[in-house]
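Reader: I should like a close look at the interior of this protein and at the helices that build it. Please take me through the part in one connected account.

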Amino acid sequence: MKRYIVFIFSIILACSSVFAATSGKNPDVVAKHVRTFIKKGNEAYHSGQYDVAETYYKDALQEDPNSALAQFNLALALLRQQTAGNSAADTLRNMSKNYFQNVTGQKSDLSLVEKAYYNLGNIAFDEKDYATSIEMYKEVLRRNPDNIKARQNLRVAQIKLKDQQNGQDKNDQNQDQKDNNQNNQDQNKDQKQNQQDQQNQQNKDKEDKQKQGQPNQPKQSPEKPKDKNENGGSAGRQEISKENADKILKAAAKQEEQTRKKVEKSQKEQSTGRRIIGNPW
């Protein structure tokens, strides 16, 4: 019995040795290396060396590809390089979004998940993708209803989305109006050309008759299209009374004042609430 137990124990030790040799990584050693790389990355980040910080965070991910902390900090370092005016700004921003998105799938650190959603919302807002930013801020509030900045940004994004949609509708209406005007101009042009062609044909017929010995007919000038403004420039136009004009002007001034206040409020909320969380952990 003792020999059997010793034999089993020997097999377990052998398997453990084989596993250690195969994996080549001790979990405690890996965790220590990750902490060291992240610490060095944070030091470089705070000194403004975002590219150096990026290297250290990537080294941490080489040790542990699932480290949510290394991914979050790497996303920040990439984002800071993008805001610093790097020529590859679009690439850096997309990479940072991918790393933030990876963090949102983590379940071990809900605080990091909340911050990742918040930053994704800010990035979408800067890209004028207000619909996406709204969804990201809502994800933040689902996890932390007391996040005041996310709630403020959500309101601003909703206003921006509404203005964007109204602006698109207005552009569509303006384009339709331009198309209608162009069609009317083309129709008027065709009508004038037809009238001119008819008049030319009548003149030709008269000349042919004269050449054939027909009595001369008194010449007539081509009939001009009647102008609506021929009699003093006001035919067919309804004048606006002074009272109605004043009402229209007052209504326009009131609308302009409301729009100005909305824009000022929106700018104030943006300046206080929409910030990238810039400190790595």
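Author: In this predicted model, the protein chain exposes about 20,400 Å², of which carbon and sulfur atoms supply 49%. Buried residues account for 24% of the 281 residues in the chain. The chain has 9 helices and 0 strands, so that the pattern read along the sequence is α-α-α-α-α-α-α-α-α. Among contacts between residues at least 6 apart in sequence, 59% join residues at least 24 apart.

The interior is best approached through its largest nonpolar core. This core holds 40 residues, and Tyr 57, Phe 72 and Phe 100 touch the most other members. Two or more residues each are given to this core by α2 (27-46), α3 (50-63), α4 (68-83), α5, α6, α7 and α8 (148-211). The largest share, 9 residues, comes from α4. Phe 72 shows what surrounds such a residue: leaving aside its neighbours within four places in sequence, Phe 72 is in contact with Phe 100, Val 103, Leu 112, Lys 115, Ala 116 and Asn 119.

Two of these partners of Phe 72, Phe 100 and Val 103, lead to helix α5 (residues 89-104). Its buried residues are Ala 89, Leu 92, Arg 93, Ser 96, Phe 100, Val 103 and Thr 104. Viewed down the axis of α5, these buried residues fall within an arc of 120°, and therefore they line one face of the helix. The length of α5 is also as expected: at 1.5 Å a residue, its 16 residues should span 22 Å, and the end C-alpha atoms are 23 Å apart, which agrees.

Helix α2 can be read in the same manner. It has 20 residues and reaches 29 Å from its first C-alpha to its last, close to the 28 Å expected at 1.5 Å a residue. Val 30, Val 34, Ile 38, Gly 41, Asn 42, Ala 44 and Tyr 45 are buried in α2. Because the buried residues of α2 fall within an arc of 160° when seen down the axis, they line one face of the helix. On the other side of α2, Asp 28, Lys 32, Arg 35, Lys 39 and His 46 are exposed.

The aromatic rings add a further view of the interior. The count of aromatic pairs comes to 4. In one of them, the rings of Tyr 118 and Tyr 137 have their centres 6.2 Å apart and their planes at 55°, so the pair is tilted. Tyr 118 lies in helix α6 (residues 110-126) and Tyr 137 in helix α7 (residues 130-143), and the pair therefore ties together parts that are 19 residues apart in sequence. Both partners are buried: Tyr 118 has a relative accessible area of 4%, and Tyr 137 has one of 0%. In another pair, the rings of Phe 125 and Tyr 130 have their centres 5.2 Å apart and their planes at 70°, so this pair is edge-to-face. Phe 125 and Tyr 130 are likewise buried.

Helix α6 also contains Asn 122. This residue is buried, with a relative accessible area of 1%. The C-alpha atoms of Asn 122 and Ala 150 are separated by 9.4 Å, although the two residues are 28 residues apart along the chain.

Key. Residues are numbered from 1 along each chain as its sequence is written. This is a predicted model: local features need pLDDT of at least 70, side-chain atom pairs count only at pLDDT 80 or more; totals for chains, interfaces and linings use all residues. Side-chain values use heavy atoms; hydrogens and water are left out. Helices (H or I, at least four residues) and strands (E, at least two) are DSSP runs, numbered from the N terminus. Buried means under 20% relative accessible area, exposed over 50%, partly exposed in between (1.4 Å probe, protein chains only). Contact means heavy atoms within 4.5 Å. Accessible areas come from the Shrake-Rupley method with a 1.4 Å probe; for residues, only the protein chains shown count as cover. Rings of Phe, Tyr and Trp (its six-membered ring) pair if their centres lie within 6.5 Å; planes under 30 degrees apart count as stacked, over 60 as edge-to-face and the rest as tilted. The expected span of a helix is 1.5 Å times one less than its number of residues. The arc is that of the directions from the helix axis to the C-beta atoms. A nonpolar core is a set of buried Ala, Val, Leu, Ile, Met, Phe, Trp, Tyr and Cys residues joined through side-chain atoms within 4.5 Å.
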